[in-house]
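Q: Let's go through this one quickly. Keep it plain.
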Amino acid sequence: MSAFDAAISVPPATTGRRAVAFVDGKFAKRFVMVCGAVPALVLAWDAYRHHLGVNGVNFAIRTTGMLGLVFLTLSLAITPLRRLLGWNTLIAPRRNLGVLAFLYIATHFFIFFAYDRGGSVGSTLREIGSRVYLWFGTGALLLMILLALTSTDGMVARLGAKRWKRLHRVVYLAGGLASFHFLLRFKTPRLETIAWMGTIAVLLLIRAIDAARKRARMVQSS
Ligand code: HEM
């Protein structure tokens, strides 16, 4: 096998579609992590050079929030896309996308806590309590923390694949709460906020239809 053949793999066509040559899983994981780190590096460089504009803290909060939402949505899109396209290699970087989403969201919250609220727990809690859009963001963050804590190999083994899979379906709830956080941040709904909500709703619908079909097949075969 040539080096080129080794670098690409042809995944088995489990969906009945024609298998598509695609980069191998290891490469896909590294590629996603490197690409995902670029916006963080650019933001950190701009912050270091005081190039974030007049309200740098707000700019950094909004940028990390948007990146968190993008990576969260991408991680939700992996399974439907894999089924649709038959590209099994797509599954490889799913966990990396989830990790990137968590890191950006944790940074988003950290900047809010440390710089916007001056590191005061009381002020942070009062601000969260007084703004409905922050209730949704905080709910999403708590779910993301739960998912991150249970994502280690040790936790997967302890929970068992079935329970772990069931628990990790809350990622859809996290996505839903995050999209409400974005929607309610503005006084009136904007097209982009509705588009994000719509995208997450469609991804959830595809997953629900898929699960229902799987259940029906299992009932038929038993
Ligand atoms: C999964 C969790 C979260 C996601 C995906 C998320 C995402 C976002 C997004 C997309 C924006 C709007 C960006 C823009 O305007 O371009 C935003 C804004 C914001 N978020 Fe979050 N967020 C999350 C959790 C939180 C939490 C836990 C807090 C704090 C308790 C928070 C505080 C804020 C603040 C203060 C803003 C800026 C509002 C403004 O500009 O007036 N977010 N977030």
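Q: In what order do the elements of the chain run from the N terminus on?
A: They run α-β-β-α-α-α-α-α-α-α-α-α, with 10 helices and 2 strands in the chain. Helices (H or I, at least four residues) and strands (E, at least two) are DSSP runs, numbered from the N terminus. This is a predicted model, in which local features need pLDDT of at least 70, side-chain atom pairs count only at pLDDT 80 or more, and totals for chains, interfaces and linings use all residues. Residues are numbered from 1 along each chain as its sequence is written, and side-chain values use heavy atoms, leaving out hydrogens and water.

Q: What box do the C-alpha atoms fill?
A: Roughly 55 × 45 × 40 Å, along the principal axes.

Q: Where does H3 bend?
A: At Ile-78, by about 35°, with Pro-80 following within four residues. The bend is the angle between axes fitted to the seven residues ending at a residue and the seven starting there.

Q: And what comes after H3?
A: Gly-86, with a positive phi near 75°.

Q: New topic. Which residues form the nonpolar patch on the surface?
A: Val-132, Trp-135, Phe-180 and Leu-184, with about 360 Å² of accessible area together (Shrake-Rupley, 1.4 Å probe, only the protein chains shown counting as cover). Patch residues have over 30% relative accessible area and no salt bridge (a side-chain nitrogen of Lys or Arg within 4 Å of a carboxyl oxygen of Asp or Glu); nonpolar side chains (Val, Leu, Ile, Met, Phe, Trp, Tyr) are joined within 5 Å, like charges within 9 Å.

Q: Which helices supply at least two residues each?
A: Helix H6 (132–149) and H9; Leu-184 is in H9.
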